[in-house]
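Biologist: Please give me a close look at the part of this model around the ligand. Then walk me outward to other places worth a look, in plain steps.

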Amino acid sequence: MNEINNNLGDMPKEDFRKFGYEIIDFIADYFENMENLPVLSQNQPNDLKNALPTSAPVEGESFPQILGDVENLILPAVTHWNHPNFHGLFSTSTSSVGVFGEMLSAAFDMKAMLWRTSPASTELEPVVLDWLRQMMGLPEDFSGLIYDTASISTLHAIAMAREKLNLGIRERGMSGRTDLPLLRVYCSEQTHSSIDKAVILLGLGQNSLVKIPTNERFEMDAEKLSEAIREDNMRGYLPCCVVATVGTTSTTSVDPVDKIADICQRNNIFLHVDAAYAGSAAIVPEFQYYFKGWERADSIVTNPHKWLFTPFDLSVLYVKDLDLLKQTFSLVAEYLKVAETVTNQMDYGIQLGRRFRSLKLWFVMRYFGQEGLIARIREHCRLARLFASWVDDSENFEMMAPVPFALCCFRAKLLMTRTFISPEFQEKYYDELNEKIMNEINASGEAYLSHTKLNGKFTIRLSVGSIRVEERHLEKVWKLLKSYV
Ligand code: PLP
């Protein structure tokens with residue numbers, strides 16, 4: 001038996017202080033030297049698993065041993081989302097001050113369910129979210145709630161929409177009922193898969209999800225939405241919810257929210273806006289026009305963990321009718337009943353206990369201030385437009401979608417001079433070429449890019465969003481790309 005488990009209780013306080021400083025040094029070194037690490041983990045599947053013991057240590061191990069394994073085993077298995085050359089998916093990164101918020105939240109280990117178990121979380125969260133609401137230019141009638149991810153925020157929004165129909169689904173469910181019409185949810189064909197998952201989980205079924213076609217800019221065709229609702233009404237189906245997106249996942253396209261809000265208003269349909277990625281850009285005054293009409297939505301999701309330098313996870317759902325959200329989810333077991341009339345966060349969602357997430361966003365907002373956050377997002381958009389201009393000016397590359405925010409969709413396009421090559425063959429060749437370029441750059445560890453398919457064509461995506469990104473990082477990627485053509 002070693003000295004660690006000779007005693008009961010927690011780690012000795014002197015050790016906590018000593019190793020705490022070591023951990024901070026470790027994190028500081030990590031942030032400082034990150035650029036020397038490969039962006040994408042160079043591990044092969046199961047490398048880490050195979051290097052780890054198959055059962056927990058019988059006796060406690062020393063902290064230096066544990067930290068040594070973080071360095072030797074865990075770090076090589078990390079893909080560095082914080083790296084300035086992480087351009088895949090959406091480039092999302094934490095600020096170091098956000099890490100402090102996360103550390104304190106772990107130390108408090110609060111489970112925010114009742115006000116009395118967590119006054120700090122219950123009261124800080126609405127204040128921080130009201131600051132964010134004002135920064136994003138949303139009206140006062142929106143109240144915010146924090147969930148872990150946009151997928152869960154959207155699930156709560158569509159559950160509200162279903163509850164609003166007053167069909168007694170909360171009490172009687174949906175299965176075995178012949179009195180229920182088919183409920184319909186509408187989104188565009190570019191919408192994130194979290195909408196599909198929400199309708200699956202809420203028992204509406206994937207067949208209830210209508211994917212409205214988009215135009216050449218990948219924006220929902222409002223006219224087609226109107227037609228689909230009209231046809232559904234004629235068939236006796238019941239429209240439940242429309243999901244519009246500001247900043248779609250593949251291209252960051254912006255649905256015409258104002259027109260969609262008109263349609264929802266005319267037909268009395270719940271409107272949810274998915275601004276998981278782009279919502280943060282609403283704090284930049286000159287980007288406000290992309291968000292025209294979102295103030296008319298019933299609910300909006302935005303993810304500060306995507307583009308507001310807040311460590312994962314922190315997603316915000318803004319709703320107009322907080323009582324409807326409570327009506328959808330509140331259920332108070334005997335052991336949770338309290339006498340005081342206060343907000344209890346457990347009433348607003350599926351979870352009982354919630355993490356104290358607002359603390360890290362509070363840190364980020366206070367440390368950078370509104371101006372600091374605006375400047376960073378504005379710079380990311382400038383860098384993306386700069387990259388797009390390099391692509392536009394090059395004969396061997398082409399842009400595949402507009403750049404409203406900070407994502408470039410493009411592909412390499414080597415002109416084939418032989419005239420007998422069919423267009424199909426040429427497209428197949430482009431697809432293979434671009435996939436090869438992306439895979440080789442990713443394997444090199446120099447940068448991480450991801451892809452999508454637009455109009456059936458393999459398209460490389462380059463997202464600019466890291467708090468550490470500078471122009472030289474994009475120059476590096478551009479040089480790498482040009483070395484292929
Ligand atoms: N909605 C959009 C538009 C997204 O781009 C994403 C993720 O990239 C999501 C929803 C899902 O986000 P989360 O991972 O927070 O569930």
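**The ligand site and beyond**

Modeller: R162 is buried, because its relative accessible area is 17%, and the cut-off for buried is under 20%. Keep in mind that this is a predicted model. R162 is found in helix α6. Its C-alpha atom is separated from that of P53 by 48 Å. Along the chain, those two residues are 109 residues apart.

Helix α6 is a good way in to the ligand. Which residues come nearest to the ligand? There are 13 residues around it, and A150, S151, T249, D274 and N303 come nearest. What mix of classes does this shell hold? It has 3 nonpolar, 8 polar and 2 charged residues.

Now look at single contacts. A150 uses its backbone: an N or O atom there lies 2.8 Å from an oxygen atom of the ligand. S151 uses its side chain instead: an N or O atom in it is 2.5 Å from a ligand oxygen. K306 also brings in its side chain, with a polar atom 3.2 Å from an oxygen atom of the ligand. These three pairs count as polar contacts, because the cut-off is 3.5 Å between N or O atoms. How much of the ligand does the protein bury? Taken alone, the ligand exposes 390 Å², and the protein buries 86% of that. The space it takes is the largest pocket. Which elements give two or more residues to the shell? They are α6, residues 150–164, and α11, residues 304–307.

Helix α11 leads on to an odd spot in the backbone. D313 is found in the loop between α11 and β7, and β7 covers residues 315–319. Is the peptide bond from F312 to D313 cis or trans? This bond is cis, with omega near 15°.

Step further along the chain and you reach helix α12, residues 322–329, where D323 lies. D323 counts as exposed, because its relative accessibility is 59%, and exposed means over 50%. How far is D323 from L52? They are 49 Å apart in space, C-alpha to C-alpha, and 271 residues apart in sequence.

Another such pair starts in helix α1, residues 13–33, where D15 lies. D15 is separated from D321 by 49 Å between C-alpha atoms. Along the chain, D15 and D321 are 306 residues apart. D15 counts as partly exposed, because its relative accessibility is 26%. That value falls between the two cut-offs, 20% and 50%.

Next, look at two loop residues with positive phi. N46 lies in the loop between α1 and α2, and α2 covers residues 47–51. Its phi is near 80°, a positive value in a residue other than glycine. N46 counts as partly exposed, because its relative accessibility is 44%. N455 is found in another loop, between β10 (450–454) and β11 (457–463). Its phi is about 50°, again positive although N455 is not a glycine. Is N455 buried or exposed? N455 counts as exposed, because its relative accessibility is 69%.

Last, turn to two buried residues. N434 sits in helix α14, residues 423–444. N434 counts as buried, because its relative accessibility is 0%. What does its side chain reach? It reaches the backbone nitrogen of A412, at 2.6 Å. V477 is found in helix α15, residues 471–482. V477 also counts as buried, because its relative accessibility is 0%. V477 and A443 are 13 Å apart in space, C-alpha to C-alpha. In sequence, V477 and A443 are 34 residues apart.

To go back to the start: R162 is in α6, and α6 is one of the elements that give two or more residues to the ligand shell.

Methods. Residues are numbered from 1 along each chain as its sequence is written. This is a predicted model: local features need pLDDT of at least 70, side-chain atom pairs count only at pLDDT 80 or more; totals for chains, interfaces and linings use all residues. Side-chain values use heavy atoms; hydrogens and water are left out. A residue is near a molecule or strand if one of its heavy atoms lies within 4 Å of it. A polar contact is a pair of N or O atoms within 3.5 Å; within protein, one must be able to donate a hydrogen and the other to accept it, and residues adjacent in sequence count only if both atoms are side-chain atoms. Accessible areas come from the Shrake-Rupley method with a 1.4 Å probe; for residues, only the protein chains shown count as cover. On a 1 Å grid over the protein atoms alone, a cavity is a set of points where a 1.4 Å probe fits but cannot get out, and a pocket is an open set with protein on both sides within 12 Å along at least five of seven lines; lining residues have an atom within 4 Å of a point. A molecule sits in a cavity or pocket if more than half of its atoms lie within 2 Å of its grid points. Helices (H or I, at least four residues) and strands (E, at least two) are DSSP runs, numbered from the N terminus. Ala, Val, Leu, Ile, Met, Phe, Trp, Tyr, Cys and Pro count as nonpolar, Asp, Glu, Lys and Arg as charged, and the others, Gly among them, as polar. Buried means under 20% relative accessible area, exposed over 50%, partly exposed in between (1.4 Å probe, protein chains only).
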